[in-house]
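The following exercises concern a structure to be examined with its sequence at hand. Each task is followed by a solution in steps.

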Amino acid sequence: MSIAEAEAAQLSVEQPSGLWSDAWRRVRRNPAAWVGAGLLLFFVICAVFAPLLAPYGPQETVGSLAAVPPGPTAEYPFGLDEQGRDVLSRVIYGARLSLLVGLVSVAIGLSLGLVLGAVSGYFGGRVDGVIMRFMDLMLSIPGFLLAIGLVTLLGRGLFQIMFAIGITTVPIFARLLRGSILAQREADYVLAARSVGTPGFRLLTVHILPNSIAPVIVQATLAMATAIIDVAGLSFLGLGPNDPSLPEWGKFLAENAARLQNSAHLVFFPGFAVVFSVLAFNLLGDALREAIDPKLRA
Amino acid sequence: MLRYVAKRLLLLVPVLIGLSILVFAYVRALPGGPAIALLGERATQESVEAINRELGLDQPIFVQYLRYAGNLIQGDFGSSVLSRRPVVEELLDRFPATVELGFAAILFAVLAGVPLGFIAAKRYQGVLDNASLVASLIGISFPVFFLALIMKYIFAVRLGWLPSIGRLDITRSLEHPTNFYLLDAVIVGDWAAFVDVVKHLLMPAIALGTIPLAIIARITRAATLDVLSEDYVRTARAKGLTTAVIDRRHILKNSLLPVVTVIGLQTGLLLTGAILTETVFAWPGVGTWMLNAINNRDYAVLQGGIVFFAFLVVVVNLLVDVSYAFLNPRIRYQ
């Protein structure tokens, strides 16, 4: 080993840091990200282990029928509902449904939006024009209104509802990815890849997409928050999942809105479950956005 | 400028025609129909057919559309199947209620959101800045209807300070020349009624305005941060202007442009929020009107209502575009 080589080994050469490792470091330093991730983990555990965590079944009658159901007690920390069911158990089981709706509807919107955005951004020209005008048209209708319209049209099955909510997110993802691809398409590394003869599809999937996907991930996280709020809102208007055995938070809250005066616990517990689960995604999405978008940093 | 506005208005025509066809098709594609909604699931075939004949729903679909479009051009939106009143008449009843609510909500959002965002930016990364960021994240995490219910519980049920439903106490009579109740009370000079209307308006407006408030505060903060580092702000400071003058004339005015955009974008959001808010507070506006129309398959109301609102959203967007030119003289439309 030459002296130069020995000295080189001792020099602490800083690793070149990429976008992802940079972003990861910033996320880790952000307390909001930790709070969001913790909250989310809590809800995921509730959803996955509901049968183990919930003291009773979601439909199980443990008390008696009551016009004014009893509020929180030591035995039933969230109180009982008018049919004598344990509210805590129903709220825990409700996490399954809300997270499922968030996940599936965003997955639907994401997959459709990504395909449309990628095609639009990569091919450009007339294809781009047609797709983007259509996306503009969809964006001009407020998302929740579109969801109401679609659910009325398709029916109130769980999948129809997830589909309706998913559709409202398609234009957002499509436009985001398109913009991102347009920005990347002219980058030097793409030119380099093209010049060594990388075929078009590989260029798109291996080079452009991974570098365009960051804002999409942020948006997906935030879209989960919106999806959970939207399904609760649909339920509140009586347009939620029509299966009465599903303990959906919004529906639970809506059914008991008239009991606000005497049994506020029936409204507050499912309501705050919605708020905290939405907050989890918002905190996380916000932290990711700050980590990924350098412009937002001071 | 005038030419630009005229061009935009002309572009509206094909948009509205396309929209009327889409809405017409959508409404008829809905499962069920007005006859079933009126008579119930167990209606006999004959009575359903009689109602369909009466409403002209037994005609071929394109005949129905042509008749509908013909009436529309003459300003006739048809009549509600349920109340038998003309759609325009119902709209004139309902629309002012929602506009009043929407205006109050936006006013609340702007009056609270702009100063909040501005102060947060001036105290960048200070306690107040961080607190307002956290608060705005929590704010946008509340479903509108849940926030409305919480406020109703605290201020109406527990404290009894504010009325929980409607626009006006039912024991109070007020003439309605405009159906904007605040305006009506002023015109008639009934100040007790005015106070009552404000009390009814307070909770729905705050519930509806909370999400716009959070968004406006964040946008104002971001825009102010951008402007703060501009050269002209440094120049203004260097030539010895007072902080108050710099804040008002150089910073605030220039950071308002994105805020105006956001207010414009909120119109659609306000409308959907209004559906939920109006449901909680039994507010007799267009939100509850449209929801009833959906549930009753009230074709004429749905068609008229949706087309009207699309028109409204487009006009508001145009107004937002035009207001840019006033706020920023660098923007000129061709």
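**Exercise 1.** In this predicted model, determine whether Met135(A) is buried or exposed, and identify the residues in contact with Met135(A).

*Solution.* Begin with the accessible area: Met135(A) has a relative value of 2%. The cut-off for a buried residue is under 20%, so Met135(A) is classed as buried. Next, locate the residue: Met135(A) belongs to helix 6 of chain A, which covers residues 125-139. Finally, list the contacts, leaving aside residues up to four places away in sequence: Leu116(A), Val170(A), Pro171(A) and Ala174(A) touch Met135(A).

**Exercise 2.** Establish how the span of helix 11 of chain B departs from that of a straight helix, and where helix 11 bends.

*Solution.* Helix 11 comprises residues 243-280 of chain B. At 1.5 Å a residue, a straight helix of 38 residues would span 56 Å. The end C-alpha atoms of helix 11 are, however, only 45 Å apart. Inspection of the helix axis then shows a bend of about 40° at Leu252(B). Beyond the helix comes Ala282(B), with a positive phi near 45°.

**Exercise 3.** Describe the lining of the second largest pocket.

*Solution.* The volume of this pocket is about 1,400 Å³. Its lining consists of 41 residues; those nearest the centre are Leu137(A), Ser140(A), Ile141(A), Leu19(B) and Ala310(B). Elements giving two or more residues include helix 6 of chain A and helix 11 of chain B. Helix 1 of chain B contributes the most, with 10 residues. By character, the lining divides into 34 nonpolar, 5 polar and 2 charged residues.

Technical notes:
Residues numbered from 1 in each chain as written. Chains lettered and ligands numbered in written order. Predicted model: local features only at pLDDT ≥ 70, side-chain atom pairs only at ≥ 80, totals over all residues. Heavy atoms only, no water. Helix = DSSP H or I, 4+ residues; strand = E, 2+ residues; numbered from the N terminus. Expected span 1.5 Å × (residues − 1). Bend = angle between axes of the 7 residues up to and from the residue. Buried < 20%, exposed > 50% of the residue type's maximum accessible area, 1.4 Å probe, protein only. Contact = heavy atoms within 4.5 Å. 1 Å grid on protein atoms, 1.4 Å probe; cavity = no way out; pocket = protein on both sides within 12 Å on 5 of 7 lines; lining within 4 Å. Points joined across faces, edges and corners; volume = space filled by probe spheres on them. Nonpolar A, V, L, I, M, F, W, Y, C, P; charged D, E, K, R; others polar.
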